[in-house]
Amino acid sequence: MRATAWEHYGSAPMVRMNTLVYATCFADAASSSELSLAYVKLIEQLAVFKGYSAAFCALKLAEEKFPSSTNSQIHLLKMQLLHERALHRGHLRIAQQICDEFGVLSSSVSGVDIELKTEASLRRARTLLAAKQFSQAAAVANSLFTTCYKYNMQVENASVLLLLAEIHRKSDNAVLGLPYALASQSFCKSFNLDLLEASATLTLAELWLALGSNHAKRALSLVYQSLPMILGHGGLELRARSQIVLAKCHLTDPEFSVSEDPCAVLDPLNQAAEDLQVLEYHEMAAEVYYLKAMTYNHLGKEYEREEAAARFKEHVTALENPRDEEDSLVY
Amino acid sequence: LSLFPPVRPPKKTSPKKPPTKQQAAMAEEQMEEASSSAAASGTPFQLQFDKPIPFQIKLAEWNPEKDLLAMVTDDSKVLLHRFNWQRLWTISPGKCITSICWSPDGKIVALGTEDGFVLLHDVENGKMLRSIKSHDVAIICLNWAEDEPLSRTDKEDLLSYEDRTTRFFPPAPVMPRIGGLNSGDTGLADENEEAIQAFSSASCQRFNILCTGDKDGCICFSIFGIFPIGKININKVPIHVQSSGKRTSYRLQDVSISKVSLSRNLHQLVLLCSGKLINTDNLSLSNDLSVGVHCLHLDTSIFSNRKNELHQVSQQASSIQDLVEVVRASISMMSKQWSNAMNLFHEKFSALPSLLTAHGMESSSEDEFMSLLFGTHTSPALHQFLVSSLGEAGLKRIAKTIESAGRELRIVVSEHLQPAVEIISFRLAELRGLARWRSRFQNIGLDEKLMDGVTERVGMLVVQVERFSRVAATVLYLFQNFLSWVLKCVKILLSEPTDQVPSTNSELVVIFLKFLLDKDPIKQLLETDQIFEWDIDTAKHVEHLVVFGGFTDTKFLERSLAKQFSELEESLKEAFLMPFTTVSSQIHCQGLLPLYPVTSSDALSSTSTPASIAFYKQDKDSQHNASSYSSTDYICFKIPDGSLNLRNFVAVIKDFCNSCSTSNTPSLSGFLLHIPVEYECVDLSLYKDNQVVLLLSGKSSSENAGRSWMVMLQTENLSFSQFSRTFPANYYNLQELEALELQLDTDYGKVRSVPHPLSTPLAVSASRGVACIFSSRRHALVYILDEDEDEDEDEGSEME
């Protein structure tokens, strides 16, 4: 299907449109598995662009429409969504649980169900990353990379490299992360994976930023490079991330003064906060509010500062004591 | 020092008698020799050649890149000549041309017409690439300025934006041609298409803006000359003037623009216009003197500050507009093709009902075919219809027509319509991405909501196209099936063998009779005002999809393809209007300088008064601050006789813009130049390196009739005196200026006599260092202005 190709090339509206064309025009002619695939794509889009509540709502309908519980695609999608949400909300135990389920789904024979297996280990690595077990995450990601390399899975290759870079970044090892990010970027370039390339560029910017404030200019230009792509086609999470990086670049740049141009910082932060609200991504939302509070502090606006600080606290507590873990599996 | 050597002939030749052509040519030859041998002795401006031309030339302009001269004749023919006077092409656009200019890359010549059109012509073959109606009245002046490449700093390079479309799509589809019918001129059409193709791709190279000024005081700006980005009406622009601490508001009335010039950094626009200056605070202050020629300075920094953004947007938007045209052409062509085929079909089959009535039967044609299909009986009417009025040949003709129409339809859909719609949607998605970058793009008016709306619409259009191709395929198959069934029946009725006829499906024949005999779904889809019925299942399905992120407008399938397209167009227009209005509202008037009064009687002729505006880079402080270099504007114009009580004067002023915006830069200064009484200034032009080229022609009354001079003055050698720009105490400050006597044998500049009475226009080319002048005896003379300088000096450094 053309939609998948567009997904890789990075044009979200094109994905949506092509899927809709398919769902609308060939609804009567297509086989149920193909149609369900179309629906899966649509729901994925929803999750990425409109948040989880909308996606789960649609998922329910789709399950009604394709009642066979064995319908693997929809089942898979459900698990993917649940996993993402658990990660975002900070429900690590549940995330781990879903990862294990993933592992079970694929057959144990080596060389079969490769896609499912890579997906499972990718998710495991991300869960580990979220749990701050960096070395384990890196180990999983490394083994995953060798598998992908073996089976010539270019798209996965690039995203695994990116993941590695991310792992190094989070473990405060920015220098180690740089080569991975660069490799991922060049990988994407050669395969026209524009969106992934943009996010690789973004990661690169984050890494530079982590290297110190004198690299802020370079990071900023990298963000500028990737912004049109990310804003146009990236999901909510990616968009929010780029906005945060943008704000951070400005804040760390020693030549930039907040009081002169507060909009340059606050505008992206507000946009990021909006997006993250829909996504229920506590970790990043906390970061946004932290940055906001800092900015307001600089500007001397105490009331706004207190407000942002309160929101920051809210998100942090939500992240630290995942109270409603039970409903994470419910939707 | 004598003022001027009135009768002294040029150094070598003295054509005392009015020269015949041969003599003139000989004289020129001698002169040429002389000038080349005696260059040291001081005859400047080597004559390249002197050619008679059979037309009176109205406008002439040198190509900025190549040695080409475009000329417009009095009867609005456009000629393009090479430097060696070889003619490349002539076109007659059939409209009165009022202005001409070249695109900065020299690939397109833009013509402004009397009825407000801008015509863009290809330099290669003179073919028209575009015609854009941007004004209501005559376009008096054009100026096409390109962004200075030097002003791009490192930071902007990093912001460079890649158009991804070319990586993912094959070349954009072009307008479909009516196939088959006029295969004779396809070659021509092909060329044209290629040209348009090349144009749209080539025009996206560097950022440039075409300004057009019209007779009613409107100025339009369009990026690449095709994407309109702003329009301002000078009549409505408030002009605030700071004079002695007091702020006064003015307004101009009955404006007619005579000259526009956009600086190379796109930062400022200087224009000359005639009109009545009114003090809006105190209307009684205006008097006769307030009608005059004024010089305005507009702040167009929006273009330079936002040029990257504007570039990206216009790049996408202009190609979207191209593709929209492709879609429009495709739809209209399909509709034409199909209706032709259908007309034939209905024409033939309409005979049946009348035959039925003639036989006194009340059944419909559908019933008759049905009974034929189920073998009950064949009524005499149907028998007569099938065998005699339709006949085998007629049937085959219909089948063939419909088949070929169907094939055309398929080709148009698959090769033009579908790819075009797809690329539109991709480009729109890119634009939407840009629109989301609020901090950067909102201030040029790219609105996220509107872009979302357009994206939604184009998505629906994609679905519509897909549906159309399905419907068309079904209908065509049904037609084919039905027609071969009828053919079979005819053969049976004539008791001929039927083994040649392909087998048919009688169920599909029933469907055809039920749904297609009277209706025409293809036509419905191709017409705007039709409501297309769509079955309930699908409608439900579409509603269902909304939850999954489908189109919220669930009724869209009821619309026809053409209707959907027109809706897309509307929303596109709305979306692109936003940048247009936003940018227009950010162009402000920065300063005003009344130049000279005109009496209302000669207000009309004042537009043709020679004037020239140019921007020169400031060479002093530009080196160490390349990113924000400033340019000095020079305005040079002839003061009409009698105005300001001056006769035979030419004024040159400089630093008008800078004096408007900042206080510390050199303030407004200028000088007046008195032309010797026996001569009058025919035309003038600013030339590179701060020079002024003047054409002086002997007045017919004087003894110098028939003698002319071309003068090049180095303005730096002349003393500029400052003058204040405060008014209205005395409206026209130009009177303060010092008047210099022009003495043609001094060191002011170079002088050369021309043995012809001269007429407008004067065309100088800074990049080539040549000037072309036209004599009133229909001669064109080309002079080399820079023969002293290194001729191998590369063009880049000559270009300012």
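Is His121(B) buried or exposed in this predicted model?

**View 1. Surroundings of His121(B) in strand S8 of chain B.** His121(B) lies in strand S8, which covers residues 117-122 of chain B, and because its relative accessibility is 5%, His121(B) counts as buried. Its side chain reaches the backbone oxygen of Gly126(B) at 2.9 Å. Leaving aside residues up to four places away in sequence, His121(B) touches a set of residues that includes Ile91(B), Ile108(B), Val109(B), Leu111(B), Met128(B) and Leu129(B), together with Lys107(B) and Lys127(B).

**View 2. The open sheet S2-S3-S4-S5 of chain B.** Four strands pair in the antiparallel sense in this order, and the edge strands, each pairing on one side only, are S2 (57-62) and S5 (87-91) of chain B. On average, neighbouring strands of this sheet are turned by 15° against each other, direction ignored. S2(B) and strand S3 (residues 68-73) of chain B are joined in antiparallel pairing over five bridges, and Leu59(B) stands opposite Val72(B) in S3(B).

**View 3. The largest nonpolar core, with 129 residues.** Among the residues with the most contacts inside this core are Ile219(B), Phe221(B), Ile234(B), Phe303(B) and Phe482(B). The core lies between domain 1 (23-163 + 204-219 + 589-796) and domain 2 (307-352 + 390-487 + 508-583) of chain B, because both domains give residues to it. Phe482(B) touches Phe349(B), Phe369(B), Val509(B), Phe512(B) and Leu513(B), with residues up to four places away in sequence not counted.

**View 4. A second, separate core of 27 residues.** Tyr596(B), Val598(B), Ile613(B) and Phe637(B) are included in this second core.

Technical notes: Residues are numbered from 1 along each chain as its sequence is written. Chains are lettered from A and ligands numbered from 1 in the order in which they are written. This is a predicted model: local features need pLDDT of at least 70, side-chain atom pairs count only at pLDDT 80 or more; totals for chains, interfaces and linings use all residues. Side-chain values use heavy atoms; hydrogens and water are left out. A nonpolar core is a set of buried Ala, Val, Leu, Ile, Met, Phe, Trp, Tyr and Cys residues joined through side-chain atoms within 4.5 Å. Buried means under 20% relative accessible area, exposed over 50%, partly exposed in between (1.4 Å probe, protein chains only). Domain bounds come from an automatic or database domain assignment. Contact means heavy atoms within 4.5 Å. Helices (H or I, at least four residues) and strands (E, at least two) are DSSP runs, numbered from the N terminus. A polar contact is a pair of N or O atoms within 3.5 Å; within protein, one must be able to donate a hydrogen and the other to accept it, and residues adjacent in sequence count only if both atoms are side-chain atoms. Two strands pair if DSSP finds at least two bridges between them. Axes are lines fitted to C-alpha atoms, for helices over the stretch in contact, and angles run from 0 to 180 degrees between N-to-C directions.
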